[in-house]
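Me: I would like to work through this model by question and answer, with each term defined where it is used. Please begin once the sequence and structure are in view.

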Amino acid sequence: MTDAPIIPDFGDDDEDRKISFVCSKGTLDMAYPALIMASGALELGIETHIFFTFWGMDMINKKTMGNLKFTPVGNTSMPVPAAMAPLPGMTTFATHKMKKQMEDLDIPDIPTFLEHLQDMGCHLWACKMSVDMFDLTEDQMFDGLDGVLNVGEFMEIIEGAQTMFI
Amino acid sequence: MPVTTIGGQEVHVDDEGFLTEYDEWTEDLARELATNIGIADLNDDHWKVITFLRSDFKDQGETATLRRVSAVGGIPTKSLFQLFPKKPARKMSYVSGLPKPAGCI
């Protein structure tokens, strides 16, 4: 028995922590890690920014975001012989399997996940150069985006943040 | 396992102060726990979350994540951040007398 009650310290006074993720890949296995980590950061009250660039644009492009693929080609972590990986149907099979695994863990699909992050206060940014490169308009992209930024603007926003490039 | 006194009641807690015995929790205790972490009044919306968490824990054996509270409990994530500011997952668990959620999302 201790004298003073044991009360958790939720660190509410730590205001300065900030984190950012640069999502540059458009495959399912590269999309999930950033979103899961962002969700973890937001749960801890950390200011969180995600910047989508290059193939990461597929994560916020309405046409592709619900249909990201996972391919065993060139993936040394997959228990598939390298010569078999490029065979027809392998990517579809691997994608289906990964989606099922995520579903079993109650992890939502990418569009729902982004909505969840947005509800948690996550800032979502599209890269200006990629928007121009892929010729995307605002209504073709996820509705919850905070905006389109060039690299300089993004650098200013993430001043002092820990940043992960994925 | 440390024992601490909250609101005149002796309870078992972990090293951080989260209750470890499901049955030691009472509604009165929840009010004390909330006050401890700066939530002065528990309103109906707080109670809705607490009730869901308690019953879901009983069924599932683990504390629901924010996503589960919203997807299964029907309480929007946005309002969880208003009810339990900044660190809703941990704060709602603490007030409900449950461990922190183990799931990542």
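Me: What percentage of the contacts in chain A with a separation of 6 or more is accounted for by residues 24 or more positions apart?
Reply: This is a predicted model, in which local features need pLDDT of at least 70 and side-chain atom pairs count only at pLDDT 80 or more, while totals for chains, interfaces and linings use all residues. Residues are numbered from 1 along each chain as its sequence is written, with chains lettered from A and ligands numbered from 1 in the order in which they are written. Two residues are in contact if their C-beta atoms, placed from the backbone, lie within 7 Å. On that basis, among contacts in chain A with a separation of 6 or more, the part due to residues 24 or more positions apart is 71%.

Me: Which pattern does chain A follow along the sequence?
Reply: Helices (H or I, at least four residues) and strands (E, at least two) are DSSP runs, numbered from the N terminus. Chain A has five helices and five strands, and reading along its sequence gives β-α-β-α-α-β-α-β-α-β.

Me: Which helix gives the most to the largest nonpolar core?
Reply: A nonpolar core is a set of buried Ala, Val, Leu, Ile, Met, Phe, Trp, Tyr and Cys residues joined through C-beta atoms within 7 Å, where buried requires 20 or more other C-beta atoms within 10 Å of a residue's own, exposed 12 or fewer, and partly exposed lies in between, with C-beta atoms placed from the backbone. The largest such core has 35 residues, of which A31(A), A38(A), I50(A) and F52(A) touch the most other members. At least two residues each come from β1 (18-23), α1 (28-43), β2 (47-52), α3 (110-119) and β3 (123-127) of chain A. With eight residues, the element that gives the most is α1(A).

Me: How many residues does chain B bring to its contact with chain A?
Reply: On the side of chain B that touches chain A, β1 (3-6), α3 (66-71), α4 (77-83) and α5 (88-95) of chain B each supply at least two residues. Chain A brings 20 residues to this contact, and chain B brings 26.

Me: Is G38(B) buried or exposed?
Reply: G38(B) sits in the loop between α1 (27-36) and α2 (44-60) of chain B, and its C-alpha atom is separated by 15 Å from that of G7(B), 31 residues apart along the chain. Because 11 other C-beta atoms lie within 10 Å, G38(B) is exposed.
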